[in-house]
Amino acid sequence: MRTTTIRIFLLGLLATLSTVTLAHHSFSMFDQTKKVTHSGVVSEVQWTNPHVWIFVDVKKDDGSVEKWGMEFTSKVHLARRNFSQDMVKVGDNVEFTVSPYANGKPGGRFYTIKLASGKYYCDVGAAAALCAEKNGQ
Amino acid sequence: MKTTLLSLTALTLAVLTATSLAQPEARPIYPANSDKVSYAELDKLPDWRGIWQPAVGRVTGDQPQLIGEYKARWDAEQAKLKAGNYEVPETLDNCEPDGMPTMMTMPYSLEFLFTPGKIVVNQEALMMVRHIFTDGRPLPTADEIDPNYFGYSVGHWEDDTLVVTTVGTKPGQRLGVAGITNSDQLTITERIYLDKDNKDMLHLDFTYEDPNVLSQPWHQNHTFRRDRTWDILEYVCAENNRHPLDANGQTQADF
């Protein structure tokens, strides 16, 4: 059973490598087996290619603030996937989920975000189903 | 001493004069560049307007029969990938274009612009541009080739199929999948045509031939879906690349 799971995972990984890698870079620096969720205040939006970046100040348990970076796909893809620059602004309270950096840096690959409007925006693939559910579509 | 200097100057002048006076070999003018152009000819071509998005992950064809050092490299890369936390080093991560054939199959949009004697292909990702000459010129000979990202492409129409031959791509670029690269002997043949039942689907059938890499021709078939609602968008890779490669060709996890 475990072997089968690993095989399926490897197949998925290979499929990912052979397709998504082409987007711009590999995703090997992210631990895609994990998802972490945080809330905070948007401190910076970089609406750019080859990737859009959104930075969020997250308050830690000890009261200090940690700046988290979320890497989205390109500005080009987001434009065609109904995510626009005016949907997230500096100062917005958001909740986000990413596949974190494997090396423990405070950042990761975008999975989902709950926007200040209360609406969720999700990545394509597995995350999309979550958005459909949360947004009642 | 002075005489020697004068002689040298005279000699240099003579050489320069001779060089500047030598007539360059006349280069032929092909229809793409001639005074006579026929835009009317373009009306006979199939309608490929709009942008074309690849059906990512749906590649058919046969398996590459790798040989020699190229097989050894493939095996080594697969072993490293299986061990995990590894990526095949490729310069695309540093915003360097992949060139041919990869530019045709990236998960972004393609656009084909027909002009008299030349087809221009725009790849949205990294804003790559490719020129396919359809004016009857021959492929360059081996000594005329200066290997480059996109190579030299000539094409012709067989009914509604565009048949393109490309040579002269830089050795070491991705060939078909990450982990396989080409030598300086690669010839790429493409057959590009609309699906007979669905005019919003485009087929691109590749044949790769490289006697240093493959023991027999390798075929890869891709399909694309037409989008008539969007235009091609700007994509400047150097705008904000926060994940350049480290010295080992691995993406840096430090933004």
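**Figure 1. A bridge between two strands of chain B.** In this predicted model, B:Val164 has B:Glu190, a residue of strand S10 of chain B, as its bridge partner. That pair belongs to a longer match: S7(B) and S10(B) run alongside one another in the antiparallel sense, with 5 bridges between them. If you trace the two strands on the structure above, S7 covers residues 161-167 of chain B and S10 covers residues 187-194. In general, the side chains of a regular strand alternate between the two faces of the sheet.

**Figure 2. The hairpin of S10(B) and S11(B).** Stay with S10(B) and look at another partner, S11(B): the two pair in the antiparallel sense over 8 bridges. Here B:Arg191 is matched with B:Asp205, which sits in S11(B). Together S10(B) and S11(B) make a hairpin, and 6 residues lie between the two strands. S11(B) itself takes in residues 201-209.

**Figure 3. The largest nonpolar core.** Which strand gives the most to this core? S11(B) does, with 4 residues. The core has 40 residues, and the members that touch the most other members are B:Met103, B:Leu110, B:Phe112, B:Ala125, B:Leu204 and B:Tyr208. Several strands of chain B each supply at least two residues, among them S1 (51-54), S3 (110-115), S4 (118-123), S5 (128-133) and S12 (218-227). For a closer look, find B:Ala125: setting aside neighbours within four places in sequence, B:Ala125 is in contact with B:Met106, B:Tyr108 and B:Tyr235. Another core, of 18 residues, lies apart from this one and includes A:Trp68, A:Phe83, A:Phe110 and A:Tyr111.

**Figure 4. Chain B from end to end.** Step back for a moment to see how these pieces fit into the chain. Chain B has 2 helices and 12 strands, and along the sequence they follow the pattern α-β-β-α-β-β-β-β-β-β-β-β-β-β. Of its 255 residues, 30% are buried. Among contacts in chain B with a separation of 6 or more, 56% are between residues 24 or more positions apart. The mean pLDDT of chain B is 90, and 90% of its residues reach 70 or more.

**Figure 5. Helix H2 of chain B.** This helix holds 16 residues, numbers 68-83. At 1.5 Å a residue the helix should span 22 Å, and its end C-alpha atoms are 23 Å apart, so the two values agree. Is H2(B) well covered or hardly covered? Hardly covered: the count of buried residues among its 16 is 1. Just after H2(B) comes B:Gly84, which has a positive phi, near 95°.

**Figure 6. A buried histidine in a loop of chain A.** Look for A:His51 in the loop that links strand S1 (36-46) to strand S2 (53-59) of chain A. Why does A:His51 count as buried? A residue is buried if 20 or more other C-beta atoms lie within 10 Å of its own, and A:His51 is buried because 26 do. The C-alpha atom of A:Leu78 is 9.4 Å from that of A:His51, although the two residues are 27 apart along the chain.

**Figure 7. Chain A and how far to trust its start.** Chain A contains 3 helices and 6 strands, in the order α-β-β-β-α-β-β-β-α from the N terminus on. Buried residues account for 33% of its 137 residues. Of the contacts in chain A between residues at least 6 apart in sequence, 48% join residues at least 24 apart. The mean pLDDT of chain A is 84, with 82% of its residues at 70 or more. Residues 1-22 of chain A call for care: their pLDDT stays under 50, and the model has 12 contacts beyond four places in sequence for them. Where pLDDT is low, the predicted coordinates should not be read in detail.

**Figure 8. Where the two chains meet.** Here 28 residues of chain A are in contact with 27 residues of chain B. On the side of chain A that touches chain B, helix H1 (2-19) and helix H2 (75-80) of chain A each supply at least two residues. The largest share of that side, 4 residues, comes from H1(A). By type, the residues of this side of chain A divide into 11 nonpolar, 15 polar and 2 charged. For the complex, the predictor gives an ipTM of 0.79 and a pTM of 0.84.

Terms used: Residues are numbered from 1 along each chain as its sequence is written. Chains are lettered from A and ligands numbered from 1 in the order in which they are written. This is a predicted model: local features need pLDDT of at least 70, side-chain atom pairs count only at pLDDT 80 or more; totals for chains, interfaces and linings use all residues. A residue is buried if 20 or more other C-beta atoms lie within 10 Å of its own, exposed if 12 or fewer, and partly exposed in between; C-beta atoms are placed from the backbone. Two residues are in contact if their C-beta atoms, placed from the backbone, lie within 7 Å. Ala, Val, Leu, Ile, Met, Phe, Trp, Tyr, Cys and Pro count as nonpolar, Asp, Glu, Lys and Arg as charged, and the others, Gly among them, as polar. pLDDT is the predictor's confidence in each residue, from 0 to 100. A nonpolar core is a set of buried Ala, Val, Leu, Ile, Met, Phe, Trp, Tyr and Cys residues joined through C-beta atoms within 7 Å. Two strands pair if DSSP finds at least two bridges between them. The expected span of a helix is 1.5 Å times one less than its number of residues.
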